[in-house]
Amino acid sequence: TMSSASSSSSSNDPLVSARLNKERYLALLTKLIGESKHLQNRPPEFLPQESLAGRHVLELLEPLSEKNGGPLKIKVVEYHKGRNNILIEYPATADGAGDATVSFVGSHMDVVFANPKDWRKDPFKLEIDGDILHGRGTTDCLGHVALTTEIFVHLATLKPKLNVSVVGVLIADEELGNDETIGVMNLMKQGELERIKNGPVYWLDCADKMPNIGTGGCVQWSLKAKGKMFHSGFPHMAINAIELAYDALRYVQKRFNEEFPRHPQEKVYKFPCGSSFKATNVVVPEGSLNQIKGSCTIQGDLRLVPFYRIADAMKAIEGFVKELNDGGFKQIEAASGFSYDKTVKEEGKEVAAEVELKWHGDGIDGLACDLDSSGFRYLKEATQKIVGKFDTIADTGSLPLVADLKAMGCDVQTIGYGIEEAYHADNEYAKLSDFEQGFQVLMMVISRLNADAASN
């Protein structure tokens with residue numbers, strides 16, 4: 001068994017000397033990208049069928065499964081038809097091996113929408129141009145699905161007797177995640193993730209080969225302004241909902257920035273920006289240009305650094321909106337010079353300005369990784385050795401479940417081998433050499449944690 005600390009750094013350690021099987025990796029990725037048209041996650045037009053990707057993963061893994069005489073434990077969990085999650089385990093078989101695990105979680109089989117008209121190449125076909133891999137999902141996240149699969153194919157073929165069990169979880173519905181019954185949140189709720197609590201958890205859905213040590217909390221929202229529609233030649237008889245919506249938003253943003261300022265820990269984790277409550281979309285009823293609109297809905301999201309709790313921020317913002325409706329409009333004057341602190345008649349009734357806040361879901365908290373853990377230390381060592389440099393990344397992009405796992409006591413680290421600028425972008429791409437290095441880094445991490453498990 002590979003049980004000594006020295007073996008973890010030795011070239012004789014088959015985990016450390018392992019290399020990505022490029023031909024097999026590219027063959028799988030070609031099949032996965034070939035399904036990506038049907039993996040787009042933008043309901044109601046595009047509802048992903050992750051099982052189309054899962055079947056190609058299982059085609060490689062099932063011949064190596066326990067039921068076929070191999071070492072892998074494989075469980076397919078499908079809460080909604082055609083939307084599979086895949087749990088994989090390479091069990092520890094060394095003498096005296098305990099329950100210690102190292103887990104690779106988070107690589108997802110759905111992708112964001114791609115409009116072929118906006119792409120230079122076919123987004124739903126893998127195109128290989130030297131080291132560059134083109135196609136929807138190469139970075140986010142089918143390239144990582146293929147990487148995770150390759151780790152388990154390699155282990156099951158090599159069959160090392162380990163002191164630590166290696167667990168993988170490929171998930172559905174990460175890109176939307178509003179329905180918690182489909183993917184990773186339900187896996188946790190149903191007790192399917194109990195095994196991963198016994199060791200470091202590496203969330204594989206990031207980029208640029210460096211650990212992403214901080215993620216943001218997130219929740220989406222709608223702010224609907226209710227005014228009074230009228231002819232634009234009589235603005236004194238209207239309440240302009242478009243202007244009301246924007247001025248109400250500015251008020252809430254000002255109050256939010258006062259209550260949730262830049263946090264001192266942001267410098268430690270190197271967050272490039274702080275928390276934000278911002279607009280991303282506007283919805284108004286159709287009408288002519290000489291009509292002042294009576295309703296306007298601004299939509300957006302709240303992004304929160306992990307040193308604040310999303311529930312606290314949501315409660316505070318609800319309070320800011322209440323301040324407006326309870327007389328706060330006296331403090332605001334429209335840029336056009338008209339007051340919102342008035343009533344106008346509509347069908348014989350007095351109508352006043354009002355704003356209504358709606359949350360889209362319960363929100364998720366951000367993650368601040370433990371920078372003193374063995375999981376982080378070994379990732380840092382392996383990255384320095386294989387990539388030749390080391391740095392950390394932090395941003396207010398969000399990941400599901402990670403904060404919950406940390407709250408349960410898991411050592412959660414996030415890493416990935418896609419290209420940051422290609423995330424959710426047209427002409428998405430990745431580099432084969434990055435995934436080659438990623439394979440070596442993760443195999444070296446397994447080796448180090450295996451040595452730890454042996455000494456314990």
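This passage walks through a predicted model, starting with its main pocket and moving on to the sheets, the helices and a few backbone oddities.

The largest pocket comes first. Its volume works out at about 1,400 Å³, and 49 residues line it. Lying nearest the centre are Glu-174, Glu-175, Leu-176, Arg-303 and Ser-398. Several elements each give two or more residues to this lining: helix H5 (184-189), plus strands S9 (217-226), S11 (276-283), S13 (295-304) and S16 (354-364). Sorted by class, the lining comes to 20 polar, 16 nonpolar and 13 charged residues.

The four strands just named also belong together as a sheet. S11, S13, S9 and S16 sit side by side in that order, forming an open, antiparallel sheet. S11 and S16 are the edge strands, each with a pairing on one side only. On average, neighbouring strands here are turned by 25° against each other, ignoring direction. Strands of a sheet pair through backbone hydrogen bonds, either parallel or antiparallel. Between S9 and S13, which run antiparallel, there are 10 bridges. A handy place to look is Trp-221, whose bridge partner in S13 is Gly-300.

Two helices go with this sheet. Helix H6 (residues 241-259) lies across S9, S11, S13 and S16, and runs at about 20° to S13. Helix H8 (residues 310-325) packs on the sheet as well, touching S9, S11, S13 and S16. The direction of H8 makes about 175° with that of S16.

Another set of strands involves S3 (residues 101-108). All the burial one could ask for is here: 8 of the 8 residues of S3 are buried, so the strand is largely enclosed by the rest of the structure. S3 pairs in the parallel sense with S6 (165-171) over 6 bridges, and Phe-104 has Gly-168 in S6 as its bridge partner. S3 also pairs with strand S7 (residues 201-204), again in the parallel sense, over 3 bridges. In that pairing, Ser-103 is matched with Val-201 of S7.

S6 turns up again in the surroundings of helix H3 (residues 51-61). The buried residues of H3 are Ser-51, Ala-53, Gly-54, His-56, Val-57, Leu-58 and Leu-61. An α-helix has 3.6 residues a turn, so residues three or four places apart point the same way. The buried residues of H3 pack against two helices, H2 (22-34) and H4 (142-158), and against strands S1 (73-80), S2 (83-90) and S6.

The loops hold some backbone features worth a look. A cis peptide bond links Pro-43 to Pro-44, with omega about 0°; Pro-44 is in the loop between H2 and H3. Another cis peptide bond links Asp-140 to Cys-141, where omega is about 5°. Cys-141 belongs to the loop between strand S5 (132-134) and H4.

Positive phi values come up too. Asp-173, in the loop between S6 and H5, has phi near 60°, a positive value in a residue other than glycine. With 6% relative accessibility, Asp-173 counts as buried, because the cut-off for buried is under 20%. His-424 likewise has phi near 60°, and is found in the loop between strands S18 (412-415) and S19 (429-431). At 46% relative accessibility, His-424 counts as partly exposed.

Note on methods
Residues numbered from 1 in each chain as written. Predicted model: local features only at pLDDT ≥ 70, side-chain atom pairs only at ≥ 80, totals over all residues. Heavy atoms only, no water. 1 Å grid on protein atoms, 1.4 Å probe; cavity = no way out; pocket = protein on both sides within 12 Å on 5 of 7 lines; lining within 4 Å. Points joined across faces, edges and corners; volume = space filled by probe spheres on them. Nonpolar A, V, L, I, M, F, W, Y, C, P; charged D, E, K, R; others polar. Pairing = 2+ DSSP bridges. Axes fitted to C-alpha atoms, helices over the stretch in contact; angles between N-to-C directions. Contact = heavy atoms within 4.5 Å. Buried < 20%, exposed > 50% of the residue type's maximum accessible area, 1.4 Å probe, protein only.
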